[in-house]
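Reader: I am new to this structure. Please take one part and walk me through it closely.

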Amino acid sequence: MLDGLAVVVGIMVGSGIFRTPGTVAALLGRPWLTFVAWTLGGAVGFLGALIFAELSTRYPQAGGKYVYAREAFGRRVAFAIGWIEALGTYCAAIAAIGVVCGEYLARLCGWPGNGARLGAGLVLAFMGMNLVGVSVGRWAQNVATAAKVLALLAAIGIAAAAGTGAGWKGALPAAPSGLAAWGALALAFQSVIWTYYGYPDAAKIAEEVKDPDRALPRILLFGIASVTALYLLLNAAFLQVLPFERIASSNLVAGDVAEAIFGSRGGTLMAALALLVVLASLNGNLFVTPRVVFGLARDGLGPKALAQVNEGGSPWAAMILVGAFSAALAASGTFEGLLSLAIVFVLVTDGFMVLVLFRLRSREPRAPFRVPLYPALPLVFLGVYGVLFVAAILQQPLLSAAAVGALVATYALFRLFSSTA
């Protein structure tokens with residue numbers, strides 16, 4: 001259970017909490033509304049964790065979402081969900097995290113450039129580490145996760161002691177109100193969802209978890225609860241130290257907080273901590289994503305070569321595919337563009353998981369773990385994701401159309417790439 005919890009928390013506490021608090025504050029314009037957004041993000045994440053807890057205990061197999069889609073709607077739908085998630089959602093996410101890693105490393109070392117090429121190199125380096133074997137990847141994840149959580153808790157304590165509460169007062173001059181505030185909340189919530197995302201990844205390592213019926217729900221629910229508490233404390237710490245206007249204009253709020261307390265050396269120290277955090281997240285994503293590709297190939301929904309495992313237990317061929325494609329995206333993309341692409345895919349695939357749950361429940365009501373207050377809670381989750389998807393279409397129509405087009409094209413290509421069609 002400890003390994004699975006370290007993977008989930010390590011992925012969730014990543015680049016988002018350093019890059020998105022300023023964006024969310026700028027969009028919402030009021031301290032209390034910003035804090036509400038982070039609270040609601042944790043609540044929605046908990047609903048999602050409940051859904052994936054039931055799905056993962058019904059089918060504790062490597063692969064996650066595509067396994068559930070296969071059991072509910074057949075192999076063609078599973079093929080589309082699996083490959084879109086692996087090469088769409090997670091490769092874009094890995095690339096975005098890699099870019100942030102490159103930016104922080106460049107900042108620490110004083111190197112010029114935007115960090116994209118450095119990020120691509122870091123993706124390839126962590127791919128190589130995970131190719132050595134499962135035990136190496138897990139050991140690195142456990143150590144990095146423990147270190148960064150302890151460091152963030154220390155930062156919260158220092159901020160609480162040194163701050164004056166300056167950020168809790170006032171509002172931005174252009175703070176939205178009325179209907180505009182709801183639109184801003186929907187847009188800001190995309191960044192919040194990204195920052196909380198990662199809990200479904202416990203499902204991808206289900207076959208490697210002992211006693212999955214008991215351990216998987218605990219990993220999912222305790223993971224999201226722990227991260228929600230950490231994020232709320234961090235945002236409270238930011239508001240305790242910095243004026244709200246400065247938070248709203250910052251791309252690295254934690255660094256500005258450290259600089260305000262300790263001077264320029266504090267900013268450098270926080271940049272180093274940020275690099276540690278995002279490196280752990282990068283490693284966690286590279287650990288779990290190839291297992292989706294491995295599961296697809298093993299089930300005849302991809303080239304059989306991708307189902308090969310080396311002596312260390314790593315799906316090496318799938319690892320190379322995911323690492324190489326993610327590195328290419330990192331070298332050619334920006335954090336904002338890669339983040340937006342990943343979020344649209346998340347809204348589509350995770351929203352579809354609610355329909356999968358309904359289908360499976362109608363066939364077999366019994367399960368090792370069952371979502372409480374069914375079907376109300378899954379419908380609330382689906383409704384939130386539906387609103388966010390409409391907001392994404394309105395704000396980024398071309399990107400949303402490209403993401404949906406990729407999903408449709410993947411579904412149509414099933415007969416060409418499925419070895420058993």
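Author: The answer below starts with one pair of helices and then turns to aromatic rings.

The model is predicted, so local features need pLDDT of at least 70 and side-chain atom pairs count only at pLDDT 80 or more, while totals for chains, interfaces and linings use all residues. Residues are numbered from 1 along each chain as its sequence is written, and side-chain values use heavy atoms, with hydrogens and water left out.

Start with α14. This helix (a DSSP run of H or I, at least four residues, numbered from the N terminus) spans residues 335-363 and holds Arg-361. Arg-361 is buried (under 20% relative accessible area, 1.4 Å probe, protein chains only), at 8%. Beyond neighbours within four places in sequence, Arg-361 is in contact (heavy atoms within 4.5 Å) with Glu-54, Arg-58, Arg-370, Val-371 and Tyr-374.

Now add helix α15, residues 376-395. The axes of α14 and α15 (lines fitted to C-alpha atoms over the stretch in contact, with angles from 0 to 180 degrees between N-to-C directions) come within 9 Å and cross at roughly 150°. That makes the two helices roughly antiparallel (over 145 degrees). The α14 side of the contact includes Val-344, Leu-347, Leu-355 and Phe-358. From α15 come residues including Pro-378, Phe-381, Leu-382 and Phe-389. By class, this contact has 16 nonpolar, one polar and one charged residues. Here Ala, Val, Leu, Ile, Met, Phe, Trp, Tyr, Cys and Pro count as nonpolar, Asp, Glu, Lys and Arg as charged, and the others, Gly among them, as polar.

Next, the rings. The whole structure has twelve aromatic pairs (Phe, Tyr or Trp rings, the six-membered one for Trp, with centres within 6.5 Å). Trp-38 and Tyr-196 form one that is tilted (planes from 30 to 60 degrees apart), with 6.2 Å between centres and 50° between planes. Trp-38 sits in helix α3 (residues 31-58) and Tyr-196 in helix α8 (residues 179-196), so this pair ties together parts 158 residues apart in sequence. Trp-38 is buried, at 0%. Tyr-196 is buried too, at 2%.

Trp-38 also pairs with Tyr-231. This pair is edge-to-face (planes over 60 degrees apart), at 6.2 Å and 75°. Tyr-231 lies in helix α9 (residues 212-241), 193 residues from Trp-38. Tyr-231 is buried, at 0% relative accessibility. Elsewhere, ring pairs link Phe-52, Tyr-90, Tyr-197 and Tyr-199 into a cluster.

Note on methods. Buried < 20%, exposed > 50% of the residue type's maximum accessible area, 1.4 Å probe, protein only. Parallel < 35°, antiparallel > 145°, perpendicular 65-115°, else oblique.
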